[in-house]
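Here is a brief report on one predicted model. It covers a helix, two sheets and a few single residues.

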Amino acid sequence: MPEAILLKDVDGIGTRGAVVDVSKGYLRNFLIPRKLAAPATKGLLREAERNQDAYNKAAATRLAEAQEQAEQLNKTVLTIAQQAGEDGRLFGSVTNQDIAEAIKEARGIDVDRRKIRLDDPIKNVGTYQVELEVADGVTASIKVMVSEA
């Protein structure tokens with residue numbers, strides 16, 4: 001089985017930069033024409049190792065930044081004012097998008113609204129704990145206070 005270096009992530013095979021054993025036909029007929037892999041030569045193996053080291057350093061930097069942002073977000077208390085009726089029920093609701101915009105305004109941190117774990121939109125005045133995923137494996141908890149405008 002010839003070795004190949006993956007140039008891009010390939011489902012079921014491996015991630016970018018990995019050295020994998022694949023059949024000759026799969027390498028020649030599928031991976032190389034689609035520029036997903038290259039045959040493993042000594043020069044390419046050294047280059048892949050250097051690229052992997054650089055990728056690992058960049059990943060460690062991203063993880064450190066994500067942890068720093070999570071610490072900031074854990075200390076954050078957001079106050080969102082919405083119109084509400086006399087019984088404390090909101091006329092609208094506070095959604096993931098509203099929380100993401102409030103975080104951007106308060107801390108200057110861009111958070112993808114899909115990473116905010118909110119089972120249902122908030123429909124009542126009160127205080128809520130909202131979990132969000134800053135990066136892979138790094139989560140933060142934000143206190144959201146919904147008040148009457």
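Ile99, Ala100, Ala102 and Ile103 are buried in helix α3. Buried means under 20% relative accessible area, exposed over 50%, and partly exposed in between, with a 1.4 Å probe and protein chains only. These four lie on the same side of α3, because they cover an arc of only 160° around the axis. The arc is that of the directions from the helix axis to the C-beta atoms. An α-helix has 3.6 residues a turn, so residues three or four places apart point the same way.

The model is predicted: local features need pLDDT of at least 70, side-chain atom pairs count only at pLDDT 80 or more, and totals for chains, interfaces and linings use all residues. Residues are numbered from 1 along each chain as its sequence is written, and side-chain values use heavy atoms, with hydrogens and water left out.

**Helix α3**

Helix α3 spans residues 96–107, 12 residues in total. From first C-alpha to last it reaches 16 Å, close to the 16 Å expected at 1.5 Å a residue. The expected span is 1.5 Å times one less than the number of residues. Helices (H or I, at least four residues) and strands (E, at least two) are DSSP runs, numbered from the N terminus.

The buried residues of α3 pack against α2 (42–74) and five strands: β4 (77–82), β5 (89–94), β6 (116–117), β8 (126–135) and β9 (138–148). Contact means heavy atoms within 4.5 Å. Gly108 follows α3 and has a positive phi, near 75°.

**The four-stranded sheet**

This open sheet has 4 strands in the order β4-β9-β8-β6, with mixed pairing. Its edge strands are β4 and β6, each pairing on one side only. α3 packs on the sheet and touches β4, β6, β8 and β9. The direction of α3 makes about 125° with that of β4. Axes are lines fitted to C-alpha atoms, for helices over the stretch in contact, and angles run from 0 to 180 degrees between N-to-C directions. α2 lies across β8 and β9, at about 30° to β9.

Two strands pair if DSSP finds at least two bridges between them. The table gives three pairings from the model.

| Strands | Sense | Bridges |
|---|---|---|
| β4 and β9 | parallel | 6 bridges |
| β8 and β9 | antiparallel | 9 bridges |
| β1 and β2 | antiparallel | 3 bridges |

Two bridges link β4 to β9 by name: Ala81 partners Ser147, and Gln82 partners Glu148. On the β8 side, Thr127 stands opposite Met145 in β9. β8 and β9 form a hairpin with 2 residues between them. Gly137 sits in that turn, with a positive phi of about 85°.

Glu148 lies in strand β9. Not counting residues up to four places away in sequence, Glu148 touches Gln82, Ala84, Gly85 and Val125. Tyr55 is 93 residues from Glu148 in sequence and 48 Å away in space, C-alpha to C-alpha.

**The three-stranded sheet**

Here 3 strands form an open sheet in the order β2-β1-β3, with antiparallel pairing. β2 (19–21) and β3 (37–39) stand at the edges with a single partner strand each, so one side of each is left without a neighbour in the sheet. The twist averages 40° from one strand to the next. α2 packs on this sheet and touches β1, β2 and β3. Its direction makes about 35° with that of β1. Strand β1 covers residues 3–6, and Ile5 has Val19 in β2 as its bridge partner.

**Loop residues**

Is Thr76 buried or exposed? Thr76 counts as buried, at 4% relative accessibility. Thr76 is found in the loop between α2 and β4. A polar atom of its side chain lies 2.9 Å from the backbone oxygen of Gln72. Leaving aside neighbours within four places in sequence, Thr76 is in contact with Arg107, Ile142 and Lys143.

Lys35 is in the loop between α1 (24–31) and β3. Lys35 is exposed, at 60% relative accessibility. Its phi is near 55°, a positive value in a residue other than glycine. Most residues other than glycine have a negative phi.

Asp119 sits in the loop between β6 and β7 (122–124). Asp119 is exposed, with a relative accessible area of 78%. Asp119 and Thr95 are 24 residues apart along the chain, and 9.9 Å separates their C-alpha atoms.

Notes
A polar contact is a pair of N or O atoms within 3.5 Å; within protein, one must be able to donate a hydrogen and the other to accept it, and residues adjacent in sequence count only if both atoms are side-chain atoms.
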